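Q: I have a model open and want to learn how to read it. Where do I start?

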Amino acid sequence: MHLFVTGGTGFFGKALLRYWQMNPEVIKAYKKITLLSRNPDQFLSKHSDLLHGLDVNLHKGDIMLPHTLPSDSSISHVIHATTDSTIGPQLEPLDRYQQIVIGTQNLLDFSVHNKVKKILLTSSGGVYGPQPQDMLEIPETYCGMPDPLDANAAYSVGKRAAEHLCALYADKHQIEVVVARCFAFVGQDLPLDVHFAIGNFIRDALNAKEIVVGGDGTPVRSYLHQDDLAHWLMVM
């Protein structure tokens, strides 16, 4: 079996690499692992330690440029984890939507061409839309959704569209697709200087700065550690 991971050098990719280093038995079934990266040289200059002890190949390419994807018919399983979550808010809503939707379609076309057996799409809890105030937990059967007429909902609407594309390709091409609706995470690879609230809290605590909470203190959010994230992605 050959595992191909898009977004292989982002937060999810780093989480997987660390998890594989700690638990090498979970990847024994794969004869080859390939990570897609737009800038593998930059990754190696900063994080080469994450590859120590792992037989992993870095492939330079961009999910938005199908011709840059690997030409390898041995790929049997795919984890599609490409989304610019860190710089996402800096993108124009249309660019963000297209990256998610067109990128997913490119990946699905690639998978059909290479006769991939199984795809794991990393989606988002944002596909449920705003959580009703009287709903303590969102069940998977909840069919709420973000407002498609709100340009600022491009990320969440894009993820919902990507899920539907997966359903369409599964129906037409009999590809097995699993969707992980990811929520909020924490771990050593989470950036501390962007828009992630828990990262900002940790940064301010480390630097002994005043921690400012923007709100009335009533909202509650749980976080999954990146090691547990990687574990469950591999299970799925």
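A: Start with burial. A residue counts as buried under 20% relative accessible area, exposed over 50%, and partly exposed in between. Take E163: its relative accessible area is 11%, so it is buried. Keep in mind that this is a predicted model.

Q: Which residue does E163 form a salt bridge with?

A: First the general idea. Side chains of opposite charge can pair when their charged atoms come close. Here the partner of E163 is R181, with the closest N and O atoms 2.7 Å apart. The pair links distant parts of the chain. R181 sits in strand β6 and E163 in helix α4, 18 residues apart. R181 is partly exposed, because its relative accessibility is 29%.

Q: How many salt bridges does a search of the whole structure find?

A: Five. One of them joins the side chains of R18 and D189, at 2.6 Å from N to O. R18 belongs to helix α1 (residues 11-22), and D189 to the loop between β7 (185-186) and α5, so this pair ties together parts that are 171 residues apart in sequence. 

Q: Are R18 and D189 buried or exposed?

A: Both are buried.

Q: What about R203 and D204?

A: Their side chains also meet in a salt bridge, 3.1 Å from N to O. Now apply the burial cut-offs. R203 has a relative accessible area of 26%, so it is partly exposed. D204 has 10%, so it is buried.

Q: Next, empty space. How do I find it?

A: Rolling a probe the size of a water molecule over the atoms shows where empty space is left. In this model there is one cavity of 30 Å³ or more. Its space is about 30 Å³.

Q: Which residues line the largest cavity?

A: The lining is H80, T82, T83, I100, T104, L121, T122 and K159. Helix α3 (93-113) and strand β5 (118-124) each supply at least two of the lining residues. By class, five are polar, two are nonpolar and one is charged.

Q: How much space lies in the second largest pocket?

A: About 150 Å³. A pocket is an open set of points, whereas a cavity is one that the probe cannot get out of.

Q: What lines the second largest pocket?

A: From the early part of the list, L3, Y30, H77, V78 and I79 are among the lining residues. The others are K118, I119, L120, L233, M234, V235 and M236. Strand β4 (77-80), strand β5 and helix α6 (226-235) each give at least two residues to this lining. The classes divide into 10 nonpolar, one polar and one charged.

Q: Now the outside. Which residues make the nonpolar surface patch?

A: F201, I211 and V213 make a patch of about 250 Å². F201 is found in helix α5 (residues 197-206). To join a patch, a residue needs over 30% relative accessible area. F201 is partly exposed at 33%, so it passes that cut-off.

Q: Let me turn to the backbone. Which residue has a phi near 55°?

A: K115. The value is positive, and K115 is a residue other than glycine. Find K115 in the loop between α3 and β5. K115 counts as exposed, because its relative accessibility is 69%.

Q: Where is Q174 placed?

A: Q174 lies in the loop between α4 (154-173) and β6 (176-182). Q174 has a positive phi of about 60°, although it is not a glycine. Its relative accessibility is 62%, so Q174 counts as exposed.

Q: One more contrast, please. Is L107 buried or exposed?

A: Buried, because its relative accessibility is 1%. L107 is in helix α3.

Q: How far apart are L107 and A161?

A: Give two answers. In sequence they are 54 residues apart. In space they are 14 Å apart, C-alpha to C-alpha.

Q: How would I recap the burial reading?

A: Go back to the cut-offs and check each residue. L107 is buried at 1%. R181 is partly exposed at 29%. K115 is exposed at 69%.

Key
Residues are numbered from 1 along each chain as its sequence is written. This is a predicted model: local features need pLDDT of at least 70, side-chain atom pairs count only at pLDDT 80 or more; totals for chains, interfaces and linings use all residues. Side-chain values use heavy atoms; hydrogens and water are left out. On a 1 Å grid over the protein atoms alone, a cavity is a set of points where a 1.4 Å probe fits but cannot get out, and a pocket is an open set with protein on both sides within 12 Å along at least five of seven lines; lining residues have an atom within 4 Å of a point. Grid points are joined across faces, edges and corners, and a volume is the space filled by probe spheres set on the points. Helices (H or I, at least four residues) and strands (E, at least two) are DSSP runs, numbered from the N terminus. Ala, Val, Leu, Ile, Met, Phe, Trp, Tyr, Cys and Pro count as nonpolar, Asp, Glu, Lys and Arg as charged, and the others, Gly among them, as polar. Patches are made of residues with over 30% relative accessible area and no salt bridge: like charges are joined within 9 Å, nonpolar side chains (Val, Leu, Ile, Met, Phe, Trp, Tyr) within 5 Å. Accessible areas come from the Shrake-Rupley method with a 1.4 Å probe; for residues, only the protein chains shown count as cover. A salt bridge is a side-chain nitrogen of Lys or Arg within 4 Å of a carboxyl oxygen of Asp or Glu. Buried means under 20% relative accessible area, exposed over 50%, partly exposed in between (1.4 Å probe, protein chains only).
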